[in-house]
Structure formats: C-alpha cells, structure tokens
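Subject: The structure we talked about

Hi,

Here is the structure I promised to send over. Have a look at it first, then read my notes underneath.

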Amino acid sequence: MIILGIETSCDETAAAVVADGHRCMSSVVFSQIEVHHPFGGVVPELASRKHIEGIVPVVNRSLQQAGVTKKELDAVAVTQGPGLVGALLVGFSFAKAYAYGLNIPYVGIDHLQAHVNTVFLEENPPPFPYVALLASGGHTAIYYVTDHTRMELLGQTRDDAAGEAYDKVSRMLGLGYPGGRMIDALARKGDPEKVMFTRPYLNKTDYDFSFSGIKTAVNRYIQKHPDTYRKQIADIVSGFQEAVVEVLCFKAIQAAIEKKCRHLALVGGVAANSRLREKTTRDAADHQLTVHIPSPKLCGDNAAMIAALGYHYLKEGKRSELDDDVYSRSRK
Ligand code: KG4
Ligand code: ZN
C-alpha cells in the first residue's frame with residue numbers, strides 16, 4: 001500500500017511517500033525557520049501563509065523523488081492535530097481535496113502518535129509493548145505503547161515542553177530560533193558543572209515533568225550576572241542541558257522498568273539532541289534496556305511518520321470523512 005503523507009501542524013511543510021507503513025520512498029521537509037527566526041518563535045499567521053505557498057511544490061517533489069505518479073497512490077494520510085489550527089487546515093484541506101480528486105481514502109492522523117510510531121521507519125523496530133519518551137517543541141510525555149494505534153499516557157509536562165524550554169533559553173541568551181540545535185552544539189564546548197541548575201523532577205515516582213522553573217532559573221542567573229554571563233554562555237547552556245537531559249532520561253528509564261518493558265523509544269525533535277541520545281543509550285544499557293532512536297531527520301517534524309501511521313489506521317479500516325475537522329489540543 002503506497003501512502004502519501006502530509007504534515008503542516010507547525011512550521012514545516014512536509015510531504016512523503018511511504019510503502020506498507022515502513023519503507024520510506026521519499027520525505028520532503030520545507031522548513032520555515034528563516035521566516036520565523038527574526039521573531040524568536042513561530043508566528044502562526046505567517047506559518048499558514050507559508051504552508052499555502054509550499055504545499056503543492058512539496059507534494060509534487062515528494063512524488064517525483066519517490067518515482068510514483070499520483071495514480072499509484074492508495075491513500076493520503078494527513079496530520080489532523082494537535083498543532084496550529086490555521087497551519088493544520090492548509091494540509092488537511094489539501095489532503096481532503098487531493099484524495100477526493102483521486103477517488104482514494106484519506107485519514108487524519110494524530111501528530112503525537114505519529115512521532116511515537118517513527119521507530120518503525122528504521123531498521124530493528126521495537127516489539128510491543130514498549131515505552132516511548134516524546135520530547136518536542138510542543139509536547140513532552142511518556143507513553144506505554146501496546147500497538148501502532150494504541151498508547152497509554154503515563155505522564156506529561158505540566159507547563160513548558162522540553163523543546164520549548166530549549167527555545168526560550170536560546171532566545172534569552174540571544175542564540176536565535178530554534179534553540180535546540182544551537183544549544184546542543186554550544187553545550188559541547190561548555191562544562192555542565194560550572195553553572196548548575198536544579199533538576200525539576202517534581203515527584204520521582206511519577207512521570208510528569210515541569211520545565212518552566214529551569215527556564216526561570218536560567219533567566220535569574222542572567223539577571224544576577226549581567227556583566228559576565230556573556231562569557232559563560234557555553235557553561236550556562238551546558239548546565240541547562242544537563243539538567244533537562246538528566247530528568248528526561250531518568251523518567252523514561254524508570255517508566256520502562258516499571259512497565260517491565262525491555263525496549264524504550266526516544267522520539268520528537270528533542271530526541272535529535274546528542275547528549276540525550278548518548279546518556280539514555282548508556283544509562284539504559286545498565287538496566288538491560290534497548291533504546292530505539294530515529295535518525296535526527298526523522299526526530300523533527302516530517303510527513304513520513306504521518307504516512308507510516310496512516311497505513312496502520314487504514315489497515316484497521318479507519319477512514320476520515322469529508323466534513324471532519326482539525327483539532328488544536330492533544331486528544332491522547
Ligand atoms: O518535533 P518537532 O520538530 O516539532 C514539534 O512537534 O514541536 O520539535 C521541535 C523542537 C524545537 O523546540 C527544537 O528546539 C527542538 O525540537 N530540537 C532540539 C534539537 N533539535 C531540535 N532540542 C534539543 N537538541 C536538539 N539537537
Ligand atoms: Zn512534532
């Protein structure tokens with residue numbers, strides 16, 4: 001089954017062609033970073049406009065790169081939510097019309113569940129059940145995953161998402177948007193023990209997170225050291241990153257142990273973080289856990305993950321209707 005995936009939930013216009021839920025034939029991601037960079041974050045109205053400009057060329061390129069014609073498509077899978085409503089509507093309306101015109105089914109996909117399912121686009125995917133840590137710009141949560149289309153929420157952030165904390169700290173330090181990749185690179189040049197921040201565990205026995213306090217602690221440090229902090233930026237971001245990574249890693253491993261799972265997946269934009277990948281893989285090995293982390297380009301938003309999950313929905317007989325609508329907030 002050949003599925004065209006479409007993703008426009010935030011600031012990436014993406015389309016991909018995936019066969020049978022795991023064989024990625026093409027994945028095109030048109031990033032709007034340059035548009036939003038001057039504002040230090042995503043401007044929803046600008047995002048929608050850019051998706052409108054980008055959607056047709058991005059879809060055409062994904063078909064071209066996959067070497068398939070639209071007549072060969074069996075279905076269209078598209079992000080239905082959560083995300084920015086205006087941005088989602090561009091991809092969702094396009095997918096409806098495209099599928100209708102081709103007389104093939106279309107199916108609306110949950111963006112978070114698609115991230116969690118990304119590990120099936122890689123070699124050696126985990127067996128079910130597995131535990132997944134999803135850390136992105138909009139969400140940070142831990143799930144117990146029993147099937148491609150079924151997962152149970154074990155805990156989530158009560159305030160900022162991990163990626164959001166990276167982006168906000170980056171903005172405070174004048175490093176630009178998006179902050180994750182920049183902090184990741186800069187932190188390698190710093191000493192994580194020079195400027196230490198508290199570890200926001202909340203309660204060590206549950207799987208909820210809170211990252212707004214650590215962001216405030218970084219801000220307080222900057223205000224206390226207005227003349228010197230610029231010379232310490234590498235140490236500050238290194239200390240910040242270590243605190244975030246330690247909590248994410250600890251809770252993900254604890255959840256896998258409690259749920260008696262031998263397999264742990266790290267997904268979402270923050271799973272591209274080199275320190276998180278390294279620490280989780282090492283610490284998990286101490287507990288005989290196998291960690292599955294998609295390649296960095298599949299961690300960030302992409303449409304291959306939408307098409308891959310679409311396959312499983314369609315196999316279960318799920319289809320979306322022409323009057324279905326997008327949703328902005330998480331349903332899971
Ligand atoms: O999954 P994603 O592309 O979009 C959402 O669904 O939110 O995640 C984007 C987030 C941004 O906050 C970005 O700063 C963060 O992922 N990110 C990283 C890294 N690369 C991207 N955070 C830490 N380290 C990275 N290397
Ligand atoms: Zn995402």
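To start with the whole chain: of its 332 residues, 55% count as buried. Keep in mind that this is a predicted model.

The protein has 11 helices and 10 strands. Its radius of gyration is 20 Å, close to the 20 Å that the globule rule gives for 332 residues, so the protein is as compact as a globular protein of that length. If you lay the C-alpha trace along its principal axes, it spans about 60 × 45 × 30 Å. I also looked at contacts with a separation of 6 or more: residues 24 or more positions apart account for 73% of them.

Now for the pocket. Rolling a probe the size of a water molecule over the atoms shows where empty space is left. The largest pocket has a volume of about 1,600 Å³. It is lined by 46 residues, and the closest to its centre are Ser-136, Gly-137, Gly-138, Asp-167 and Asp-301. By type, the lining divides into 15 nonpolar, 19 polar and 12 charged residues.

Where does the lining come from? Domain 1 (2-116 + 299-315) and domain 2 (124-293) each give at least three residues. Helix H5 (162-172) is among the elements that supply at least two, as are strand E3 (23-31) and helices H4 (111-117), H6 (179-187) and H10 (296-299). The largest share, 6 residues, comes from H5.

Try finding H5 and the pocket on your screen, and write back if you get stuck.

Cheers

Conventions:
Residues are numbered from 1 along each chain as its sequence is written. Chains are lettered from A and ligands numbered from 1 in the order in which they are written. This is a predicted model: local features need pLDDT of at least 70, side-chain atom pairs count only at pLDDT 80 or more; totals for chains, interfaces and linings use all residues. Side-chain values use heavy atoms; hydrogens and water are left out. On a 1 Å grid over the protein atoms alone, a cavity is a set of points where a 1.4 Å probe fits but cannot get out, and a pocket is an open set with protein on both sides within 12 Å along at least five of seven lines; lining residues have an atom within 4 Å of a point. Grid points are joined across faces, edges and corners, and a volume is the space filled by probe spheres set on the points. Helices (H or I, at least four residues) and strands (E, at least two) are DSSP runs, numbered from the N terminus. Ala, Val, Leu, Ile, Met, Phe, Trp, Tyr, Cys and Pro count as nonpolar, Asp, Glu, Lys and Arg as charged, and the others, Gly among them, as polar. Domain bounds come from an automatic or database domain assignment. The radius of gyration is taken over C-alpha atoms; the globule rule is 2.2 Å times the number of residues to the power 0.38. Buried means under 20% relative accessible area, exposed over 50%, partly exposed in between (1.4 Å probe, protein chains only). Contact means heavy atoms within 4.5 Å.
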